[in-house]
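Fancy getting to know a protein chain through a few short exercises? Take a look at the sequence and the model, then work through the tasks below.

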Amino acid sequence: MSWGTELWDQFDNLDKHTQWGIDFIERYAKFVKERLDIEQTYAKQLRNLVKKYCPKRSKEEEPRFTSCLSFYSVLNELNDYAGQREVVAEEMSHKVYGELMRYSQDFKAERKHHLQEGRKAQQHLDHCWKQMDNSKRKFERECKEAEKSQITYDRLDNDINATKSEVEKAKAQFYLRTHMADESKNEYAAQLQNFNGEQWKNFNNAIPHIFKNLQDMDERRTVKLGETYRSFAEAERRVIPIVSKCLEGMVSAAKAVDSRKDSIIVVESFKSGFDPPGDFPFEDFSQHLSRSGSDGTISSTPKVEREREAPAPRSDPKHPMSKTKNKLWLFGKKPKAPSLEDYSHLPPEQRRKRLQQRIDELGKELQKEIDQRDALNKMKDVYEKNPQMGDPISLQPKISETMCNMEKLRSELHKNETWLSEVEGKQSSRGDRRHSADNHHHTPQGRESPEGSYTDDTTQEHQTPQKRTTPPKPGQPNPDPHEFDDEFDDDDPLPVIGHCKALYSFDGQNEGTLVMADDEVLYIIEEDKGDGWTRARKQSGEEGYVPTSYVEITMEKNSKGAVTYI
């Protein structure tokens, strides 16, 4: 259906309709702009969220648990998802919003041109109508004047009193007016014919052509809107495959969570290598009491028999040992130790793993340097055989630098291997000492001290234990004399971090050990590091190591890194 034939008289309404079309395009463009702003803001917030929860620690400190790794995978997928939201915003900006704004400007210019042509045709038709109307009015006036002149001529012609000149004059006037009316009539007829022709052209040619252009323009506007609606949806549809892959990646990350593997990692991360604590022996403090038979007590029972008949001690919730166990690392916070190059601040098993890891890394770095040296030497040989390819002397600084790096890495590797050998040697010697002590005084082996280190002590966690009347004769520990060679090289004395009371006498025959008498009070200057020895200082200033199982230890509250165990 054509606007030119059906709406030939609706120029003003078509003007309003096309203006509404422009307003609608601009309104939809504004909607798209706000939508893409939302997408950009959403993508930015997602990226900020991912950045906020991404790990900021070094690679060595990264947790290896599958649950953490899966969470980081989810964050990576979410970051990719945010990138796809940015792609959606960019597509909408270029292919929808930008296209709408360009088309809106073209639409305005084309509409203005067509409306101007319509107004020109209407103005031309109005001009023709005015000319026709003026000739009509003139013809009407001339006809009236001719009628008046005829009436005057007829009146004078019939009047006997009128002179001949008056009659002739009236007759001439009548003929003149009649002639002028005839001319006006002809002019009116011509103008009328011209107006009718112009009007036919206007409403059959000009206006239909202009309205058809307006109709085509409006239909193109409608088609363009439909295309932008599709582009709006396509911008979202194009990213669906990648978004689906992101979601599949999140699902795969969820499936990768393995509770058993995480448990194994926990064991590998925190296994100290110490043996679990053994049973507490029964300590009979009444073996030297002598009572009469009337008291209802058995005084003649042999010591061994009394120990065998004595009931096992019950677990007392108020006992100092129960308080001490609450301070162990299992559920408490492990006191931080300074990170040392040889990892001596770690338990034996963890130290061994870290040293082995470090040795492996150094081996890889050394192999890289060796490969680089071999490559440089080959290149030097090529240059020596073919001087035109390069100067072999220019490679010497790089070769020297590589050799220097190799020496440094070999030295570092040897140092770490030495530490690893010491750790493995200490673990074996600790087993020997525990076996020797077990043969002599049957104290429980493999205790874990409050600081997480190995100790043979059965009473060190008691602040006020019962004093033994006749303490059993302890076996002589056999520390490695070379183990303490470098422990006394410091010029500055170590600070006191606690004190201890000797439960047994110790002769200190080995190098680096300290002689102590029963009930003697010593100062603690270095805790047990897991080998069953505690470094102490006498009031006289003499320092040395004593068996941890021979003393009752109390740590100072105000000492750095120390905790009082009661």
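Here come four exercises, each with a worked solution.

Before you start: this is a predicted model, where local features need pLDDT of at least 70, side-chain atom pairs count only at pLDDT 80 or more, and totals for chains, interfaces and linings use all residues. Residues are numbered from 1 along each chain as its sequence is written, and side-chain values use heavy atoms, with hydrogens and water left out.

**Exercise 1. Get an overview of the chain.**

Step 1: Start with the helices and strands, which are DSSP runs numbered from the N terminus (helices are H or I, at least four residues; strands are E, at least two). The chain has 10 helices and 7 strands.

Step 2: Next, check burial, where buried means under 20% relative accessible area, exposed means over 50%, and partly exposed is in between (1.4 Å probe, protein chains only). Of the 566 residues, 35% count as buried.

**Exercise 2. Find the partner of glutamate 39 within helix H2.**

Step 1: Look for a salt bridge, that is, a side-chain nitrogen of Lys or Arg within 4 Å of a carboxyl oxygen of Asp or Glu. Glutamate 39 makes one with arginine 35, and their closest N and O atoms are 2.8 Å apart.

Step 2: Place the pair. Both residues sit in helix H2 (residues 11–53), 4 residues apart, which is about one turn of the helix.

Step 3: Compare their surroundings. Glutamate 39 is buried at 6% relative accessible area, while arginine 35 is partly exposed at 22%.

**Exercise 3. Work out what a second bridge of glutamate 39 ties together.**

Step 1: Glutamate 39 also meets arginine 85 in a salt bridge, at 2.9 Å from N to O.

Step 2: Glutamate 39 belongs to helix H2 and arginine 85 to helix H3 (residues 66–158), so this pair ties together parts that are 46 residues apart in sequence.

Step 3: Arginine 85 is buried, with a relative accessible area of 6%.

**Exercise 4. Follow the salt bridges further along the chain.**

Step 1: In helix H3, arginine 137 and aspartate 133 lie 4 residues apart, about one turn of the helix. Their side chains meet in a salt bridge of 2.9 Å, N to O.

Step 2: Arginine 137 is partly exposed at 47%, whereas aspartate 133 is buried at 14%.

Step 3: Elsewhere, salt bridges that share partners link Glu526, Lys529, Arg535, Arg537 and Glu543 into one network.

Step 4: Finish with the count: it comes to 31 salt bridges.
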